[in-house]
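The following exercises concern charged side-chain pairs and their exposure. Each task is followed by a worked solution.

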Amino acid sequence: MNETMVCAVGRVATQPVYREMASGPSARFRMAVTARYWDREKNTWTDGHTNFFTVWANRQLATNTAASLTVGEPVIVQGRLKVRTDVREGQSWTSADIDAVAIGHDLAWGTSAFRRGGKPETAASPASPEPNWETPPDDSAVRSDASAQRQSEPAVLT
């Protein structure tokens, strides 16, 4: 399927709006993307035109977006570009939306701390104990693992 995938780097322009829909969580926010260029005459960086996109996120991405983003923060959004034209009250309107696949903070402007989001409740799995990394492994287990790995590797012709 042909889709226009884009990666936009900009700032959050509006507070994300979160909604619980019949199809699952959904969030949207506006993103401002301003081109910058070097002005040789002024010998300084100058802001160019600003484009605004409505970013749509669904399911877990929507939940994490609403919990993580605030106005003014630098973000990177990757997703499918949708350009829509509509006629309202006799006037033609064009909007550019991004159906987000991934959203994250732009770390060129600061730091961020990742926290894993809560997972939906699933069947309980038995807890596996944490291995003791301080205890050296049994030599026989290491030898048998290494021989098993050699047997599973494809032969290399030289």
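A residue is called buried under 20% relative accessible area, exposed over 50%, and partly exposed in between. The model examined here is predicted.

**Exercise 1.** Determine how many salt bridges a search of the whole structure finds.

*Solution.* The criterion is a side-chain nitrogen of Lys or Arg within 4 Å of a carboxyl oxygen of Asp or Glu. Applied to the whole structure, the search finds five salt bridges.

**Exercise 2.** Analyse the pair formed by Arg80 and Glu3, and classify the exposure of Arg80 and of Glu3.

*Solution.* Step 1: the closest N and O atoms of Arg80 and Glu3 are 3.3 Å apart, and the cut-off is 4 Å, so the pair is a salt bridge.
Step 2: Arg80 belongs to strand β5 (residues 74–88), whereas Glu3 lies in the segment before β1 (5–12); with their positions 77 residues apart, the pair links distant parts of the chain.
Step 3: Arg80 has a relative accessible area of 27% and is therefore partly exposed.
Step 4: Glu3, at 41% relative accessibility, is likewise partly exposed.

**Exercise 3.** Locate the partners of the Arg36–Asp47 salt bridge and classify Asp47.

*Solution.* Step 1: the closest N and O atoms of Arg36 and Asp47 are 3.2 Å apart.
Step 2: Arg36 is in strand β3 (residues 24–39) and Asp47 in strand β4 (residues 44–58), 11 residues apart.
Step 3: because its relative accessibility is 49%, Asp47 counts as partly exposed.

**Exercise 4.** Which residue forms a salt bridge with Lys82?

*Solution.* Step 1: the partner is Asp99, with the closest N and O atoms 3.7 Å apart.
Step 2: the pair joins strand β5, which holds Lys82, to strand β6 (residues 91–105), which holds Asp99, 17 residues apart.
Step 3: Lys82 has a relative accessible area of 30%, so Lys82 is partly exposed.

Note on methods: Residues numbered from 1 in each chain as written. Predicted model: local features only at pLDDT ≥ 70, side-chain atom pairs only at ≥ 80, totals over all residues. Heavy atoms only, no water. Helix = DSSP H or I, 4+ residues; strand = E, 2+ residues; numbered from the N terminus. Buried < 20%, exposed > 50% of the residue type's maximum accessible area, 1.4 Å probe, protein only.
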